[in-house]
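Student: Please take a close look at one part of this model, the cysteine pairing, with the cut-offs stated. How many disulfides does the structure hold?

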Amino acid sequence: MARRGAAALALALVLLAVALTAVGAQGAALQERDYYVQETWSREPYYARPEPEPEPFSPPLPAGTGTGTGEREARPLEPRPPKKAPKPKKAPRREKFAPETPPPGKNSVRKGVRTKSSEKPASDGHSVPVARDEVRESCPPLGLETLKITDFQLHASTSKRYGLGAHRGRLNIQAGINENDFYDGAWCAGRNDLHQWIEVDARRLTRFTGVITQGRNSLWLSDWVTSYKVMVSNDSHTWVTVKNGSGDMIFEGNSEKEIPVLNELPVPMVARYIRVNPRSWFDNGSICMRMEILGCPLPDPNNYYHRRNEMTTTDALDFKHHNYKEMRQLMKVVNEMCPNITRIYNIGKSHQGLKLYAVEISDHPGEHEVGEPEFHYIAGAHGNEVLGRELVLLLMQFLCQEYLARNPRIVRLVEETRIHLLPSLNPDGYEKASAGGSELGGWSLGRWTHDGIDINNNFPDLNTLLWEAEDRQNLQRKVPNHYIPIPEWFLSENATVAVETRAVTAWLEKLPFVLGGNLQGGELVVAYPYDMVRSLWKTQEHSPTPDDHVFRWLAYSYASTHRLMTDARRRVCHTEDFQKEDGTVNGASWHTVAGSLNDFSYLHTNCFELSIYVGCDKYPHESELPEEWENNRESLIVFMEQVHRGIKGMVRDVHGKGIPNAVISVEGVNHDIRTASDGDYWRLLNPGEYVVTAKAEGFTASTKNCMVGYDMGATRCDFTLSKTNLARIREIMEKFGKQPVSLPARRLKLRGRKRRQRG
């Protein structure tokens with residue numbers, strides 16, 4: 001008996017020593033900076049790791065260690081257990097998810113999370129508002145809407161068909177024109193019961209903080225989820241439901257299908273997988289939903305896959321969303337940094353009285369230099385398409401910085417081009433969209449002006465005037481193919497025309513723009529005119545301009561230098577696959593639009609205008625801006641450089657004076673352009689040999705052969721016109737104070753005299 005008592009005492013001492021060793025291991029782990037490292041093949045649960053001093057992205061404390069009898073202790077965690085660590089094989093495999101400790105300086109009292117043991121759930125009322133504050137400040141969307149989350153990371157219990165699979169359950173995804181195809185507007189479960197779910201695999205440990213949901217995008221059906229549960233897992237097999245007090249938390253879902261609804265988790269949860277389980281849905285509908293997950297991926301220095309795919313930028317720019325005041329301030333900062341090459345001006349005011357500011361970048365700001373082409377970028381015609389607005393603001397910063405750094409490419413561009421950047425054509429719409437934020441504005445909040453007008457389609461329809469005139473067979477004179485005048489009804493005060501539209505129309509008429517791009521969002525493609533179909537009974541039809549080959553090149557110059565537009569491996573944004581045309585599309589073959597900015601510019605001015613859709617997400621989160629800048633930076637510069645492609649020159653009289661409003665015609669191209677007020681002109685053309693004619697009223701026409709090469713830089717092609725005999729006679733008579741005799745008027749006068757003499 002004595003021997004047995006001694007043996008028992010010795011065994012107790014050994015167990016005590018092992019326990020103290022484990023405590024020491026926990027303390028050592030607290031000092032390890034790479035405590036969060038967990039390789040993807042490791043099955044060791046992350047939650048068992050002890051928590052260090054509070055740091056950003058710190059993982060949770062172990063849940064329920066040392067609670068009542070019968071409860072098994074969680075293993076102490078270390079980065080890949082050393083040889084001396086306790087063997088983990090005997091410990092049971094159990095999934096536990098612990099709430100994250102609030103940041104320092106705030107109440108950090110916590111009670112653990114409810115598991116199968118007798119632990120209490122994380123229901124500390126003091127910690128909930130802390131978590132909610134952190135969601136808005138630090139945890140961005142994972143990227144379902146931006147396609148950062150691939151289709152392979154989305155899974156669902158069931159689906160009605162492929163077009164309603166889990167890969168379609170992305171926030172703001174749009175259905176095709178013909179529903180019930182491969183591109184429908186949500187994930188829809190195959191059955192309407194409580195066992196359905198949709199799941200996201202973040203592929204790394206992530207601090208999940210919230211869920212945003214929408215219903216199904218459909219013209220005909222009403223489907224949305226009205227409540228749901230949220231579950232998390234580390235292995236996709238064992239799931240823990242987010243708790244609220246002693247029971248599972250039921251989140252309130254949507255009350256209609258388009259307005260996004262955000263639900264923040266009461267306490268952030270760290271895991272790899274997150275699952276949404278619908279509990280109720282619209283009575284007359286089905287289980288259908290689109291969603292976005294808010295979460296912060298935890299850094300994992302040992303995972304090469306994530307480090308390799310992280311996008312970084314070396315440009316020191318202001319990557320944030322700018323409201324109206326901040327936008328104006330940023331322009332001022334750029335102007336102060338580069339006062340010799342920048343000028344701030346406005347082209348008018350919005351419906352709400354906000355000035356439509358633009359920045360000019362040129363070596364002689366404020367004046368048109370003879371022989372120098374003018375270029376513009378317009379953004380924000382749709383107020384909720386915010387990415388274009390921020391790209392233009394980033395571009396003006398970049399041009400200023402690179403010019404000061406004497407980057408030869410940028411210096412040449414600035415000195416040889418007059419650049420105009422208009423970042424926000426619809427500031428009233430932006431104010432509405434920004435009130436909802438980057439994820440909660442939906443697809444259309446802020447799209448229109450304050451008085452409900454879509455600026456992009458608010459210009460006069462000149463296509464119909466041109467085509468109807470061309471179709472008439474009994475015309476005695478040739479129909480003009482350019483500078484088609486604006487109809488009188490459009491100029492009347494009672495016309496449904498936005499003040500912003502009138503402002504940009506006057507701007508385009510005032511300055512001799514050669515090339516321009518209007519930045520839009522919601523897709524990744526470059527659209528070129530015509531935007532309107534010629535056949536009235538069709539909604540889609542290829543409608544090329546006479547300069548179709550030039551427009552195709554201009555579109556391709558942007559798309560081919562964009563990081564994603566021509567990537568054949570990328571997923572389509574919504575329904576259209578533009579890869580067959582290398583990321584470009586004729587506007588009318590996509591969807592017909594009457595009175596577009598592109599068509600108006602081409603038919604009423606010299607400007608060749610294209611619509612550039614810069615991203616699937618109209619209003620990306622601020623954290624996405626550096627990557628979006630990298631995606632578009634080279635394209636923005638290359639497209640500007642295309643203004644120097646084709647021919648340019650002067651049209652002068654025999655005395656060397658420039659002839660304004662002279663017509664430049666290219667043989668075989670039924671579209672002319674005109675000279676500016678100083679007699680200079682620019683005609684965009686692809687490489688080749690062209691027969692070009694210059695003509696002006698009162699002058700004899702002149703024709704030349706002009707060769708356009710493949711090297712960047714327009715070919716010089718000048719013209720000297722001599723006056724016609726009639727023009728010379730008129731000039732001589734005007735010089736001596738006499739007017740030319742009108743023969744018909746003189747005949748009438750002689751007849752009158754004869755009648756009076758007879759009478």
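Tutor: What follows goes through the disulfides, and then adds a strand for context.

This is a predicted model, so local features need pLDDT of at least 70, side-chain atom pairs count only at pLDDT 80 or more, and totals for chains, interfaces and linings use all residues. Residues are numbered from 1 along each chain as its sequence is written, and side-chain values use heavy atoms, with hydrogens and water left out.

The structure holds five disulfides, a disulfide being a pair of cysteine sulfur atoms within 2.5 Å. In chemical terms, such a link is a covalent bond between the sulfur atoms of two cysteines. When the bonded cysteines of the chain are numbered in sequence order, the pairing reads 1-4, 2-3, 5-6, 7-8, 9-10. Three of these links are described below.

In the disulfide formed by Cys139 and Cys296, the sulfur atoms are 2.1 Å apart. The torsion about this S-S bond is about -125°, so the disulfide of Cys139 and Cys296 is left-handed. Because Cys139 lies in the loop between α2 (127-138) and β1 (154-156) and Cys296 in strand β10 (residues 288-297), the pair ties together parts that are 157 residues apart in sequence. Helices and strands here are DSSP runs numbered from the N terminus (helices are H or I, at least four residues; strands are E, at least two). Cys139 and Cys296 are both buried, where buried means under 20% relative accessible area, exposed over 50%, and partly exposed in between (1.4 Å probe, protein chains only).

Cys338 is joined to Cys400 by a disulfide with an S to S distance of 1.9 Å. The angle about the S-S bond is 90°, and the link of Cys338 and Cys400 is right-handed. This pair, too, links distant parts of the chain, 62 residues apart: Cys338 is in the loop between α4 (324-337) and β11 (342-349), and Cys400 is in helix α5 (residues 386-404). Cys338 and Cys400 are both buried.

Between Cys706 and Cys717 the S to S distance is 1.8 Å. The link of Cys706 and Cys717 is left-handed, with -40° about the S-S bond. Cys706 belongs to strand β24 (residues 702-708), and Cys717 to the loop between β25 (715-716) and β26 (719-721), eleven residues apart. Cys706 and Cys717 are buried as well.

A further cysteine can be placed by accessibility: Cys607 counts as buried because its relative accessibility is 1%.

For context, consider strand β16 (residues 523-528), where six of its six residues are buried. In a regular strand the side chains alternate between the two faces of the sheet. In β16 both faces are covered, with Glu523, Val525 and Ala527 on one side and Leu524, Val526 and Tyr528 on the other. Two strands pair if DSSP finds at least two bridges between them. β16 runs antiparallel to strand β18 (residues 608-615), to which five bridges join it, and Val526 stands opposite Ile612 in β18. With strand β17 (residues 584-586), β16 pairs in the parallel sense over three bridges; there, Asn586 is the bridge partner of Tyr528. From β16 to β17 the chain passes through helix α11 (residues 548-559) in a right-handed β-α-β crossover. Right-handed here means that, with the strands pointing away from the viewer, the path from the first strand over the helix to the second runs clockwise.
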